[in-house]
Amino acid sequence: MAEVVIVPDAASAGRLVADEIVRLVRANPATVLGLATGSTPLPVYEALPARLAGLDVSRLRGFALDEYVGLDVSHPESYRSVIDREVVEPLGLDPARVRVPSGALDGIEHAGDDYEEAILAAGGIDLQILGIGTDGHIGFNEPGSSFASLTRVKTLTQQTREDNARFFDSVDDVPMHCITQGLGTILRARHLVLLAFGEGKAEAVAGAVEGPVTASLPGSAIQLHPHATVVVDEAAASRLRFADYYRHSYAHKPAWQGL
Ligand code: F6R
């Protein structure tokens with residue numbers, strides 16, 4: 001099962017995951033990162049620039065999890081714009097080495113296959129950062145997504161559109177469709193790091209970590225992965241049945257294991 005790390009707050013989680021990314025980049029400057037968008041990964045992205053300063057990031061690569069379909073890439077809330085603003089520019093990365101699935105309507109029918117090929121050509125993803133939706137989605141794999149799915153177009157649930165309306169003028173402006181790495185794509189990454197903060201995520205986190213493995217809660221796919229780490233604050237951990245064990249186990253974790 002996933003290793004659960006309960007931290008006091010989102011900033012601590014950001015530092016912990018950023019330290020692990022730095023460890024990877026020191027060992028291999030050509031590390032391939034899987035990048036989530038939304039609010040959850042921001043503490044990681046905020047902690048990274050100072051920690052990566054002085055390291056060679058010219059060979060670092062990134063693959064975003066998902067993109068809205070039909071939203072112009074120049075829109076400030078397109079995930080291309082978000083990744084450029086939050087990751088590429090602050091870290092001084094080469095934008096050509098940080099890919100986001102194409103949500104352009106022209107060519108959308110082969111955009112998923114193109115993205116899968118690009119990930120394979122890069123040698124796969126070393127560390128995949130994940131958030132989780134209140135309905136249990138990871139990437140934009142909404143309930144019912146196949147565990148074998150690869151990058152493809154999905155229809156967002158009304159719940160997800162309402163959750164993401166805060167980034168737009170109204171819920172009606174949130175695109176109906178997205179293109180997202182599949183659960184099968186995500187499960188191929190070598191290390192999954194799922195972050196969640198706040199009471200609103202507690203139920204989804206409990207389902208993903210301790211519930212049955214089911215397509216009805218796509219985040220539960222992480223239970224199938226040999227190296228999955230879940231980093232949560234106390235509020236997001238509040239419905240975990242074995243929280244005391246996770247605290248005990250992390251307190252006694254051998255240092256050589258890393259995150
Ligand atoms: C974003 C993504 C989504 C979000 C999830 C949580 O790339 O793939 O799974 O991680 O919707 O969003 P936030 O972090 O905004 O609560």
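In this predicted model, the side chains of Arg-80 and Asp-84 come together in a salt bridge, with a nitrogen-to-oxygen distance of 2.7 Å. The two residues are separated by about one helical turn, because they stand four residues apart in helix α3, which covers residues 79-91. An α-helix has 3.6 residues a turn, so residues three or four places apart point the same way. Arg-80 has a relative accessible area of 18%, and this residue is therefore counted as buried, the limit being under 20%.

Across the whole model the count of salt bridges comes to ten. One of them joins the side chains of Glu-3 and Lys-253, at 2.9 Å from N to O, and this pair links distant parts of the chain, since Glu-3 belongs to strand β1 whereas Lys-253 lies in the segment after α8, 250 residues apart. The two partners fall on either side of the 20% limit for burial, for Glu-3 is partly exposed with a relative accessible area of 21%, while Lys-253, with 19%, is buried.

A further salt bridge is formed by the side chains of Glu-234 and Arg-247, with 2.8 Å between N and O. Glu-234 is placed in the loop between β10 and α8, and Arg-247 in helix α8 itself, so that the pair ties together parts lying 13 residues apart in sequence. Glu-234 counts as partly exposed at 41% relative accessibility, and Arg-247 is likewise described as partly exposed, with a relative accessible area of 34%. In addition, Glu-199, Glu-203 and Arg-239 are joined into one network by salt bridges that share partners.

Aromatic contacts were examined as well, and a search of the whole structure finds six aromatic pairs. Among them is the pair of Phe-63 and Tyr-115, which is edge-to-face, with 5.7 Å from centre to centre and 75 degrees between the planes. Distant parts of the chain are linked by this pair, as Phe-63 is found in strand β3 (residues 61-64) and Tyr-115 in helix α4 (residues 108-121), 52 residues apart. Both Phe-63 and Tyr-115 are buried.

The rings of Tyr-68 and Phe-168 are also paired, and because their planes stand at 80 degrees, with the centres 5.6 Å apart, the arrangement is edge-to-face; an angle over 60 degrees is what this class requires. Tyr-68 is part of strand β4 (residues 66-68), whereas Phe-168 lies in the loop between α5 (158-164) and β8 (177-180), and the pair thus links parts of the chain that are 100 residues apart. Both Tyr-68 and Phe-168 are buried. These two residues, together with Tyr-79 and Phe-140, form one aromatic cluster.

Burial was also considered for a whole element, helix α7. Of the nine residues of this helix (residues 202-210), seven are buried, so helix α7 is largely enclosed by the rest of the structure. The buried residues of α7 are Ala-202, Ala-204, Val-205, Ala-206, Gly-207, Ala-208 and Val-209. The elements that cover them include the strands β1 (3-7), β9 (191-196) and β10 (228-233), as well as helix α8 (243-251). Two of these covering elements also appear among the salt bridges described above, in that β1 contains Glu-3 and α8 contains Arg-247.

Terms used: Residues are numbered from 1 along each chain as its sequence is written. This is a predicted model: local features need pLDDT of at least 70, side-chain atom pairs count only at pLDDT 80 or more; totals for chains, interfaces and linings use all residues. Side-chain values use heavy atoms; hydrogens and water are left out. Rings of Phe, Tyr and Trp (its six-membered ring) pair if their centres lie within 6.5 Å; planes under 30 degrees apart count as stacked, over 60 as edge-to-face and the rest as tilted. Buried means under 20% relative accessible area, exposed over 50%, partly exposed in between (1.4 Å probe, protein chains only). Contact means heavy atoms within 4.5 Å. A salt bridge is a side-chain nitrogen of Lys or Arg within 4 Å of a carboxyl oxygen of Asp or Glu.
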